[in-house]
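Q: I am new to this structure. Can we go through how to read its features, one at a time?

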Amino acid sequence: MKKIINTDKAPAPLGPYNQAILAGNTLFVSGQIAIDPKTNQLISTGVEDEAKQVMHNLKAVLEAAGMTFDNVVKSSIFLNDMNDFAKINTIYGAHFDEATAPARETVEVSTLPKNVNVEISMIAVK
């Protein structure tokens, strides 16, 4: 059985999907980009600001499901330029204890939705 998770504290989906799906004890969080849910505007003041907004959006979705970053077991990071890896990794890493950080991959892609620099999705378990 699956439960749809959506919150107005994260941006509304841009297509036919939900912010997250809770299946049993596992939460599958859709990729988040740097849209400020308060204004519905894309953050475009630099890759660090984008990454901060993405993490804020992910936190809001996790909280809507009664979870935190401590529940995350897997992350996928998509970058349009691998040269931004260190900047994004620092912001991402601030949300996790390195000893218990989730599994992760980071890949460079040619284009992301709305031409953003970073998109992150997660899987979390209660």
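Q: In which sense do strand S3 and strand S8 pair?
A: Strands of a sheet pair through backbone hydrogen bonds, either parallel or antiparallel. In this predicted model, S3 (residues 26–32) and S8 (residues 118–125) pair in the antiparallel sense, over 5 bridges.

Q: Which residue in S8 does Val29 stand opposite?
A: Met122 is the residue that faces Val29.

Q: In what order do the strands of the sheet stand?
A: Read across the sheet, from edge to edge. The order is S1-S2-S3-S8-S6-S7. These 6 strands form an open sheet, and the pairing is mixed.

Q: Which strands stand at the edges?
A: They are S1 (2–5) and S7 (103–108). Each has a single partner strand, so one side of each is left without a neighbour in the sheet. From one strand to the next, the twist averages 10°.

Q: Which strands does helix H1 lie across?
A: H1 covers residues 47–64 and lies across S1, S2 (20–23), S3, S6 (72–79) and S8. Its direction is at about 25° to S8.

Q: What about helix H2, and at what angle does H2 run to S6?
A: H2 (residues 85–93) lies across S6, S7 and S8. The angle to S6 is about 150°.

Q: Now a single residue. Where is Tyr17 found?
A: Tyr17 sits in the loop between S1 and S2. Its relative accessibility is 36%. Buried means under 20% and exposed over 50%, so Tyr17 counts as partly exposed.

Q: What does the side chain of Tyr17 reach?
A: The side chain reaches the backbone nitrogen of Leu14, at 2.9 Å.

Note on methods
Residues are numbered from 1 along each chain as its sequence is written. This is a predicted model: local features need pLDDT of at least 70, side-chain atom pairs count only at pLDDT 80 or more; totals for chains, interfaces and linings use all residues. Side-chain values use heavy atoms; hydrogens and water are left out. Two strands pair if DSSP finds at least two bridges between them. Helices (H or I, at least four residues) and strands (E, at least two) are DSSP runs, numbered from the N terminus. Axes are lines fitted to C-alpha atoms, for helices over the stretch in contact, and angles run from 0 to 180 degrees between N-to-C directions. Contact means heavy atoms within 4.5 Å. Buried means under 20% relative accessible area, exposed over 50%, partly exposed in between (1.4 Å probe, protein chains only). A polar contact is a pair of N or O atoms within 3.5 Å; within protein, one must be able to donate a hydrogen and the other to accept it, and residues adjacent in sequence count only if both atoms are side-chain atoms.
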